[in-house]
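Please open the model in your viewer and keep the selection panel at hand. The tour moves from one selection to the next.

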Amino acid sequence: MSESSERSLLESVPDGLLIGGEWRPAASGRTLAVEDPATGAVIKTIADGGVADGAAALDAAAAAGPAWARTPPRVRSEILRRAFDLVQVHRDDLALLMTLEMGKPLAESRAEVAYGGEFLRWYAEEAVRIAGRYGVNPEGTGRMTISQHPVGPCYLITPWNFPLAMATRKIAPALAAGCTAVVKPAELTPLTTLYVAQLLVEAGVPAGVLNIVVTSTAAEVSAPIIADPRLRKVSFTGSTAVGKKLLTQASENVLRTSMELGGNAPFLVFEDADLDAAVDGAMLAKFRNVGQACTAANRFLVHEQVAAEFADRVTARVAAMAVGRGTEDGVQVGPLINAAAVEKAEDLVRDAVDRGAQVRTGGQRIDRPGTFYAATVVTDVRPGSDIMRQEIFGPVLSVSTFTDEAEAIRLANDTEYGLVGYAFTRDADRGHRLIDGLETGMMGLNVGVISNAGAPFGGVKQSGVGREGGLEGIHEYLSTKYTLSPDPYR
């Protein structure tokens, strides 16, 4: 991709805030520089919203709410379908834009465009299937009507690591349900969301239904929005620590919440596993998005009988991975999002080694412009190591061993998190026991990637509340009303 093509694409991205159907500068005049993590260079300067902009966005969402709620479901459906079609038309631009601002290899960005676009198509279809029920009450004295209604204005907070999919996964069901929204994208990767918002406006989303506020002062801007009694829903994807703060704030007005928080995913390899499939699954579960995913496998727990062979195989694969700027052909490992992410990977590996672990490959930052850390395999990781307790969010694969199924389940569940677990075994009965035994909201059984627009995404314990995607996702934006009327025959 030429520099002129990149420059032309970046110039096509709005540099303002979308409020009430208009792209406008921040009220304060502040701006925010967006950097390419592969080079450290500023690629675009955009508006940096403040408290006044957040208030204006919520004003617009509240004003547009009643009309959008009354908009026929078929109309909402057709708008979302047109947005899906526009994403397909602009898929190459969207993929390049994600790679420029986030750093992931271009092949993975293309895959995210396909995945993220599916939420627009899925909820275009679900918008016309919002249903209730009607019937006689058990006593036969009246008729019950159960109906579904949009919850109202929503505040949607998206993370930096999947800037397209996390935006569409929240925006699509909200709009399909008849809700209006204020979206706050991550300040590190806001350009993709701005581009998608432009496509949604082109698709016919009315003024005020969708509002975008990028800000470098998220806590300051978010607090008054969440405290406003007109807001009825908060959806957040990010760290558990921030999620807890938002839950506390949301409790004041008893807001509906969806929280997709941190993870510490176990990846279990049993003695009967197909090792070819397990290694392939490990590469996907660990290194997709350079390991910067809440669903990334964090703790590889391998039966002691096959641990050595598994470690040898993954080490050979990891050592051969190509590192570079995501726009370069064949690159499999791009940069981490910023310097803090590199330092975290360094600290986790150092702590593991100090406790007796062995670095099989990688284990250091890469001396080149940008924020690169080598794809790494660490074996013989000891209990109590930080790498076993914390979410890595980087290209580091850590291997520990277990002796039997009971120990594997105990180790897998030894965490406050419960987002996703992976398991490789040929034993179908064991697979069903793991479905019951693993304390996670999702599970990959002999697969290394599980995300799908048609499936409910979410966790248990401190990995969050609520579900996004699937049939369940739209119900996060609907409230249920029960109405009793007299029996017309009495």
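The stops below cover a sheet, a helix pair and some salt bridges.

This is a predicted model, in which local features need pLDDT of at least 70 and side-chain atom pairs count only at pLDDT 80 or more, while totals for chains, interfaces and linings use all residues. Residues are numbered from 1 along each chain as its sequence is written, and side-chain values use heavy atoms, with hydrogens and water left out.

Select first residues 142-150, strand S6, which pairs with S5 in the antiparallel sense over four bridges; strands are DSSP runs of E of at least two residues, and helices runs of H or I of at least four, numbered from the N terminus, and two strands pair if DSSP finds at least two bridges between them. These strands belong to an open sheet of three with the order S5-S6-S22, whose edge strands are S5 (133-136) and S22 (478-486). To see one bridge, pick Gly 135 and its partner in S6, Met 144.

Next, show helix H2 (51-70) with helix H8 (218-227). Val 51, Gly 54 and Leu 58 in H2 meet Glu 220, Val 221, Pro 224 and Ile 225 in H8, contact meaning heavy atoms within 4.5 Å.

Then move to Glu 118 and Arg 121, a salt bridge whose closest N and O atoms are 2.6 Å apart; the term means a side-chain nitrogen of Lys or Arg within 4 Å of a carboxyl oxygen of Asp or Glu. Both residues lie in helix H5 (106-126), three residues apart.

Finally, select Arg 355 and Asp 351, a salt bridge with its closest N and O atoms 3.0 Å apart. Asp 351 is buried at 16% relative accessible area, whereas Arg 355 is partly exposed at 39%, where buried means under 20%, exposed over 50% and partly exposed in between, with a 1.4 Å probe and protein chains only.

Key. Axes are lines fitted to C-alpha atoms, for helices over the stretch in contact, and angles run from 0 to 180 degrees between N-to-C directions.
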